[in-house]
Amino acid sequence: MTESAWGPGVATAVGSLPGTDPVEAARTVVGELPELMPVPELPGRGVGADILGRTAGLLVDLAVEVVPSGYRVAGTPGMDHRRAVDLLRWDLDALEQAVAEAGAPRVVKVQAAGPWTITAGIELMRGHRVLTDRGALRDFTESLTEGLVAHAEQVTARTGSRVVVQLDEPSLPAVLRGSLPTPSGYGNVAAVPEPDVQRLLGEVIEKLTAATGSPVVVHCCAKRPPVELLRRAGAGAISLDASGLGDVTGKFADELGEAWEEGTALFLGLTPSLEPAGQVELRGIAQPAFDLATRLGFGKKTLAERAVPTPTCGLAGATPAWSRRALSLTKDLAKLFADEAES
């Protein structure tokens, strides 16, 4: 039986950190989150280090370039694409060095834009979004999956750790609503039907799960992410911002409850990603998680076993001092959940 990738006492982070030094970032996460360590992302380095550029660097037999409107498909890999590939390689070099110094994490989490976010954010040569072309959508999805499998294998080879893949899908709600603007800016791209979104995402998740032997995490920072769709697509865990959920009722409460009932973990964003004004108390930032478990009818044991605390989102906008404290607080949250379950 495969050992679980998470459980009581395990914490992690979404992925991004402030600064531009990959060695420092790798040492920080190896030290703070050894149970489920995210490969650090440093978008402050600019082109090729942001979510789209970084993911494009993983694509197999596809390349991108930067144009005034953003990233666009390129005929051959140029300077922009090579920069993304180089940045990722330097990050893995730094990670390997940090692991050699501190020891291998139990599990390493790699993050990349999911199929709907990357095809929503990259343009075809004629200017339309990749997702509007059925053939291009299929090509990008297959290329992304192949690239992520190879990336996971490389991370395992460098660290000796088990790997979990996280697909970041911030654009998914806009894809479903049909609120992505067209190139002209005068209209919106047509909404993609839920069954089509679920089917494509499910294919990617199935292949990644088979290749890594680990459940796939899907992260969506929308106020009300499509939990049921993600669960039905096969996500082993759903990562969301739990700090601002408010009064969870109706269909959304049912979706969250069914996720836990079916064994899907919830990565609960609780620790502020930016340093808040005033004093921060562990019980205060933990309270939304306790409230959610109570609202859904689950006890503290379920919270400890099927919830993983994280910061509310990436930490790229935080100060270095707060990012380190946020990781430490998040680790303390996981211990608090475990201790409460035992008591």
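The numbered points below review the fold, the nonpolar cores and several individual residues of this chain.

1. Basis of the model. The model is predicted, so that local features need pLDDT of at least 70 and side-chain atom pairs count only at pLDDT 80 or more, whereas totals for chains, interfaces and linings use all residues. Residues are numbered from 1 along each chain as its sequence is written, and side-chain values use heavy atoms, with hydrogens and water left out.

2. Secondary structure and dimensions. The chain contains 12 helices and 10 strands; helices (H or I, at least four residues) and strands (E, at least two) are DSSP runs, numbered from the N terminus. The radius of gyration is 19 Å, which agrees with the value near 20 Å for a compact globule of 343 residues. This radius is taken over C-alpha atoms, and the globule rule is 2.2 Å times the number of residues to the power 0.38. The C-alpha trace spans about 60 × 50 × 45 Å along its principal axes.

3. Burial, contacts and surface. Of the 343 residues, 54% count as buried; buried means under 20% relative accessible area, exposed over 50%, and partly exposed in between (1.4 Å probe, protein chains only). Among contacts between residues at least 6 apart in sequence, 75% join residues at least 24 apart, where contact means heavy atoms within 4.5 Å. The accessible surface comes to about 14,300 Å², with 51% of it belonging to carbon and sulfur atoms. Accessible areas come from the Shrake-Rupley method with a 1.4 Å probe; for residues, only the protein chains shown count as cover.

4. Nonpolar cores. The largest nonpolar core has 100 residues, and those with the most contacts inside it are W116, L167, L256, L268 and L303. A second, separate core of 11 residues includes W6, V10, V107 and V217. A nonpolar core is a set of buried Ala, Val, Leu, Ile, Met, Phe, Trp, Tyr and Cys residues joined through side-chain atoms within 4.5 Å.

5. W116 and T119. Not counting residues up to four places away in sequence, W116 touches ten residues' worth of listed partners, among them L131, L137, E169 and L201. T119 lies in helix α4 (residues 115-121) and counts as buried, because its relative accessibility is 0%. With the same sequence neighbours left out, T119 touches R129, V130, L131, L137 and F140.

6. V163. This residue is found in strand β6 (residues 162-168). V163 counts as buried, at 3% relative accessibility. Leaving aside neighbours within four places in sequence, V163 is in contact with V108, V110, A152, V155, T156, T212 and S214. The C-alpha atoms of V163 and V110 are separated by 7.1 Å, although the two residues are 53 residues apart along the chain.

7. D61. Located in the loop between α2 (51-56) and β2 (63-67), D61 has a phi near 65°, a positive value in a residue other than glycine. Most residues other than glycine have a negative phi. D61 counts as exposed because its relative accessibility is 78%.

8. T319. The loop between β10 (307-311) and α12 (320-342) holds T319, which is partly exposed, with a relative accessible area of 41%. T319 touches P18 and E275, not counting residues up to four places away in sequence. The C-alpha atoms of T319 and I122, 197 residues apart along the chain, are separated by 30 Å.
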